[in-house]
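Please read the following note alongside the sequence and the structure. Its numbered points concern helix packing and aromatic rings.

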Amino acid sequence: MGDVTTIGERADRVPKQDRSRATRQRLLEAAVACLAEHGWAGSTVTVVAERAGVSRGAAQHHFPTREDLFTAAVEYVAEERSTALRALFPQGAADDRRAVISALVDLYTGPLFRAALHLWVAASNEEQLRPQVTELEARVGRETHRIAVDLLGADEAKPGVRESVQGLLDMARGLGLANLLTDDTGRRDRVVAQWAVLLDEALA
C-alpha cells in the first residue's frame, strides 16, 4: 500500500516540477524582453511577472532579488544562443570561416545583446549588481571564445591565434554596438568578408 502512495506522490510531483520549470523559463524570457525594451530602470520584478503571466510572489520564489532575475535571464538566453550556434555547425566549419564569422557576429545583434548592454550599464552604477554581471560576462565570454575556437578550427598553440580569435569577438561586439542605432547590415557584411580573409591567413 505504501508503494502505491509513493508512486502516486511521485506522479503528482512530476507535473509540478514541469510547471515550475516552465514558470522559470517564462520569467527568464520575459526579463530579457523587458530589459531589451525598457532598460534597467523600467524593468522591475512586477513588470516581468506581469509579462510572464505569473504572480510577483511566484517570481520571487524563483528569483529572490531583482539582480538574481536579470543576471539569470541574460545567462539563460546566452546559453540558448550558444547551443543554437553549435547546432548550426554540428561537424565544425573550419572550411567555411566566413559563415562561422557571420554567425558569431550575429550573436551581438538582437534583443539578447541589447538586454546584456542594459545590464552592463546598470552594473556600472549598481554596487549590488556589478559582481554578478562581471562574473556572468566572464563566463559567457569564455564560452563564446571556446565555441569560436572550435568552429574556426583554430590552433591556439600557434603564436597570435588566440589574440586573432579574441580580436574577432571584440570586433563583433563593436559591430553589435554600431547596429543598435542604425541598420548596419551592409558595412557589417563587408567587415565580415575582410575578417574571413584575415583569419584564413592568421589560422593557416
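1. A residue counts as buried under 20% relative accessible area, as exposed over 50%, and as partly exposed in between. The model under discussion is predicted. At 25% relative accessibility, Trp120 therefore counts as partly exposed.

2. Trp120 pairs with Phe113 in an edge-to-face arrangement, with 5.8 Å centre to centre and 80 degrees between the planes. Phe113 is buried, its relative accessible area being 3%. Ring pairs join Tyr108 to Phe113 and Trp120 in a cluster.

3. Three aromatic pairs are counted in the model. One of them is formed by Trp40 and Phe70, which meet edge-to-face at 5.4 Å centre to centre, with 70 degrees between the planes. Trp40 belongs to the loop between helix H1 (2-38) and helix H2 (45-52) and Phe70 to helix H4, so this pair ties together parts that are 30 residues apart in sequence. Both Trp40 and Phe70 are buried. In addition, Arg66 lies over the face of Trp40, at 3.8 Å from the ring centre.

4. How do the axes of H4 and helix H7 (residues 130-152) cross? They come within 10 Å and cross at roughly 0 degrees, which makes H4 roughly parallel to H7. Residues making the contact include Val74, Ala78 and Ser82 of H4 and Val140, Glu143 and Ile147 of H7. By class, this contact of H4 with H7 has eight nonpolar, three polar and eight charged residues.

5. Ser82 lies in helix H4 (residues 66-88). With a relative accessible area of 12%, Ser82 is buried. Leaving aside residues up to four places away in sequence, Ser82 touches Glu143 and Ile147.

Methods:
Residues numbered from 1 in each chain as written. Predicted model: local features only at pLDDT ≥ 70, side-chain atom pairs only at ≥ 80, totals over all residues. Heavy atoms only, no water. Helix = DSSP H or I, 4+ residues; strand = E, 2+ residues; numbered from the N terminus. Buried < 20%, exposed > 50% of the residue type's maximum accessible area, 1.4 Å probe, protein only. Contact = heavy atoms within 4.5 Å. Axes fitted to C-alpha atoms, helices over the stretch in contact; angles between N-to-C directions. Parallel < 35°, antiparallel > 145°, perpendicular 65-115°, else oblique. Nonpolar A, V, L, I, M, F, W, Y, C, P; charged D, E, K, R; others polar. Phe/Tyr/Trp six-rings, centres within 6.5 Å; stacked < 30°, edge-to-face > 60°. Lys NZ or Arg CZ within 6 Å of the ring centre and 35° of its normal.
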